[in-house]
Amino acid sequence: MELRTGQAAYIPPHVFHQLTNTGAAPLRMIYCYGPAGDVAHWRQELDGTLPLAGKEAPPLPTGARPQCTEKP
C-alpha cells in the first residue's frame with residue numbers, strides 16, 4: 001500500500017507490517033494504538049530483535065528494504 005501526505009492506514013492486530021520511505025524527503029508519521037499500553041515490537045526494535053523477513057515473518061514485498069535494527 002502506498003500512502004501520501006495526510007493519508008492513514010489501518011493495520012489489524014497480529015499482522016506483520018513495515019514502513020518504507022520511498023521518497024527523497026524525511027518521513028514523518030504518527031502511530032495510534034488501541035487499546036493503549038506497551039507494544040511488544042517497540043521493545044524488539046530497541047533490542048534489535050525484530051523478526052527476520054522471509055524466515056520468522058513473511059517475505060518483504062517487491063521494492064521494500066529491511067528495516068535497520070542495528071544499534072548506533
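User: Which residues make the nonpolar surface patch of about 570 Å²?

Analyst: In this predicted model, a patch of nonpolar side chains lies on the surface and covers about 570 Å². One of its members, leucine 27, sits in the segment before α1 (40-47). The residues that make the patch are Leu19, Leu27, Met29, Tyr31, Tyr33 and Trp42.

User: Is leucine 27 buried, exposed or partly exposed, and why?

Analyst: The class depends on relative accessible area, with buried meaning under 20% and exposed over 50%. Because the relative accessible area of leucine 27 is 44%, the residue counts as partly exposed.

User: How many helices and strands are there in the chain, and what share of its residues count as buried?

Analyst: The chain has 1 helix and 0 strands. Its accessible surface comes to about 6,900 Å², and carbon and sulfur atoms account for 57% of that area. Of the 72 residues, the share that counts as buried is 4%.

User: Among contacts between residues at least 6 apart in sequence, what percentage join residues at least 24 apart?

Analyst: The contacts considered here are those in the chain between residues at least 6 apart in sequence. Within that set, the portion joining residues at least 24 apart is 44%.

User: Which residues does proline 51 touch, not counting those up to four places away in sequence?

Analyst: Proline 51 lies in the segment after α1, and it is partly exposed because its relative accessible area is 32%. Its C-alpha atom is separated by 9.4 Å from that of phenylalanine 16, although the two residues are 35 apart along the chain. Leaving out residues up to four places away in sequence, proline 51 touches Phe16, Gln44, Glu56 and Ala57.

User: Which side chains meet in a salt bridge, and what is the N to O distance?

Analyst: The count of salt bridges comes to 1. Both arginine 4 and glutamate 2 are exposed. The side chains of arginine 4 and glutamate 2 meet in a salt bridge, with an N to O distance of 3.1 Å.

User: Why does threonine 22 count as exposed, and what is the C-alpha to C-alpha distance between threonine 22 and arginine 65?

Analyst: Threonine 22 is found in the segment before α1. Exposed means over 50% relative accessible area, and threonine 22 counts as exposed because its relative accessibility is 68%. Threonine 22 and arginine 65 are 43 residues apart in sequence, while their C-alpha to C-alpha distance in space is 9.8 Å.

Terms used:
Residues numbered from 1 in each chain as written. Predicted model: local features only at pLDDT ≥ 70, side-chain atom pairs only at ≥ 80, totals over all residues. Heavy atoms only, no water. Patch = residues over 30% accessible without salt bridge, like charges linked within 9 Å, V, L, I, M, F, W, Y side chains within 5 Å. Areas by Shrake-Rupley, 256 points an atom, 1.4 Å probe, with all protein chains shown as cover. Salt bridge = Lys/Arg side-chain N within 4 Å of Asp/Glu carboxyl O. Helix = DSSP H or I, 4+ residues; strand = E, 2+ residues; numbered from the N terminus. Buried < 20%, exposed > 50% of the residue type's maximum accessible area, 1.4 Å probe, protein only. Contact = heavy atoms within 4.5 Å.
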